[in-house]
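This report describes the strands, helices and nonpolar cores of one protein chain. The sequence and the structure are shown first, and the account follows them.

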Amino acid sequence: MAEQPRSNSEPGRGGGRGPGRGGRRTRPGAEGSEQQVDGKDSTELSEKVVFINRSSKVVKGGRRFSFSALVVVGDKQGRVGLGLGKAGEVADAIRKGGEDARQQMAKVSLRNTTIPHEVISTFGGARVLLRPASPGTGIIAGKTVRAVVESAGVKDILSKSLGSKNAANVAKATLEALRMLRLREEIFRSRGLSLRVATQSEPPPTPHAPPAPPPGDVSA
């Protein structure tokens, strides 16, 4: 019996673009992608990966890649932190960035769902403007500023990035702007003044002018 020729169409081998050939690989976190990871600790912290950068070093054996991850951590109740992690793998870089952000968490002053006043902050070439907004406005911001203010617990805000678009500098400028916020009560307390609530009182009565004489009455 003649031996039948073997076919080259086995799965995972041979010609053709079958299921065994992998698709195009993309760099994780490219174009400043943003993803959210639920916190696993008891404080219900939320982690957001703002940006992942890949750098390569040419060595004798080829290229050696390393990754850096910019992570924002917050409890959405007025505490937020920013961290940067570097490692040879993406997962390790994100983990290191989250640990660094937890250690640098700071309390920021909020008023209801927005910020108490307007503030401008600068870090490096980045310049960020934050303005309070009325309830129902939402977060009017870019992806980097949005990640920071959402982690802090802000729900209504107007913002504008006026300088560099570098994700690290914009995030640090936004965090610095949130730390500059101060409530009215805090300012009065630091100056040793008592906060008095202004009540709307009735205006003092205006003096009435004497009545004018009738048009036909001319007194001598």
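Which residue in β7 stands opposite V119? The residue is L130 of β7. The model is predicted, and its confidence is therefore considered before further detail, with buried meaning under 20% relative accessible area.

**Confidence**

The mean pLDDT of the protein is 79, and 70% of its residues reach 70 or more. Confidence is highest in β7, at a mean of 95, and lowest in β1, at 47. Over residues 7-42 the pLDDT is below 50, although this stretch has 36 contacts in the model beyond near neighbours in sequence.

**The four-stranded sheet**

An open sheet is formed by four strands in the order β6-β7-β9-β8, with mixed pairing. The edge positions are taken by β6 (residues 119-123) and β8 (residues 139-140); each has a single partner strand, so one side of each is left without a neighbour in the sheet. Between β6 and β7 the pairing is antiparallel and runs over five bridges. The pair V119 and L130 belongs to this region, with V119 opposite L130 in β7.

**Strands β2, β3 and β4**

Strand β2, residues 46-59, pairs with β3 in the antiparallel sense over 13 bridges. The two strands are joined by a hairpin through two residues. On its other pairing, β3 meets β4 in the antiparallel sense over eight bridges. These two strands also form a hairpin, with four residues between them, and K76 in the turn has a positive phi of about 60°. Residue pairs across these strands are listed below.

| Residue | Opposite residue | Strand of the opposite residue |
|---|---|---|
| K57 | R64 | β3 |
| N53 | S68 | β3 |
| L70 | L84 | β4 |

In a regular strand the side chains alternate between the two faces of the sheet.

**The loop at D75**

D75 lies in the loop between β3 (residues 62-74) and β4 (residues 79-87). Is D75 buried or exposed? Its relative accessible area is 16%, so D75 counts as buried. The side chain of D75 has polar contacts with the backbone of the same region: a polar atom of this side chain lies 3.1 Å from the backbone nitrogen of Q77, and the side chain also reaches the backbone nitrogen of R79 at 3.1 Å. Leaving aside neighbours within four places in sequence, D75 is in contact with E44, L45, M105 and S151.

One of these contacts, L45, is found in the loop between β1 (residues 35-38) and β2. L45 is buried, because its relative accessible area is 5%. The C-alpha atoms of L45 and V73 are separated by 6.5 Å, while the two residues are 28 residues apart along the chain.

**Helix α3**

Helix α3 covers residues 167-179 and has 13 residues. From its first C-alpha to its last it reaches 18 Å, close to the 18 Å expected at 1.5 Å a residue. At the start of α3, a side-chain oxygen of N166 reaches to within 3.1 Å of the backbone nitrogen of A168. The buried residues of the helix are A167, N169, V170, A171, A173, T174, L175, A177 and L178.

**Nonpolar cores**

The largest nonpolar core has 27 residues, of which I115, L130, V149, I157 and L178 touch the most other members. At least two residues of this core come from each of β3, β4, β7 (residues 126-132), α2 (residues 143-152) and α3. Which element gives the most to this core? It is α3, with six residues.

For V149, the residues touched are I139, V154, I157, T174 and L178, not counting residues up to four places away in sequence. Two of the residues in that list, T174 and L178, are among the buried residues of α3.

A second, separate core has 13 residues, including L45, V49, F67 and V71. L45 thus appears both in this second core and among the contacts of D75.

Terms used:
Residues numbered from 1 in each chain as written. Predicted model: local features only at pLDDT ≥ 70, side-chain atom pairs only at ≥ 80, totals over all residues. Heavy atoms only, no water. Expected span 1.5 Å × (residues − 1). Buried < 20%, exposed > 50% of the residue type's maximum accessible area, 1.4 Å probe, protein only. Polar contact = N/O pair within 3.5 Å; in protein donor to acceptor, adjacent residues only side chain to side chain. Contact = heavy atoms within 4.5 Å. Pairing = 2+ DSSP bridges. Core = buried A, V, L, I, M, F, W, Y, C linked by side-chain atoms within 4.5 Å. pLDDT = per-residue confidence, 0-100.
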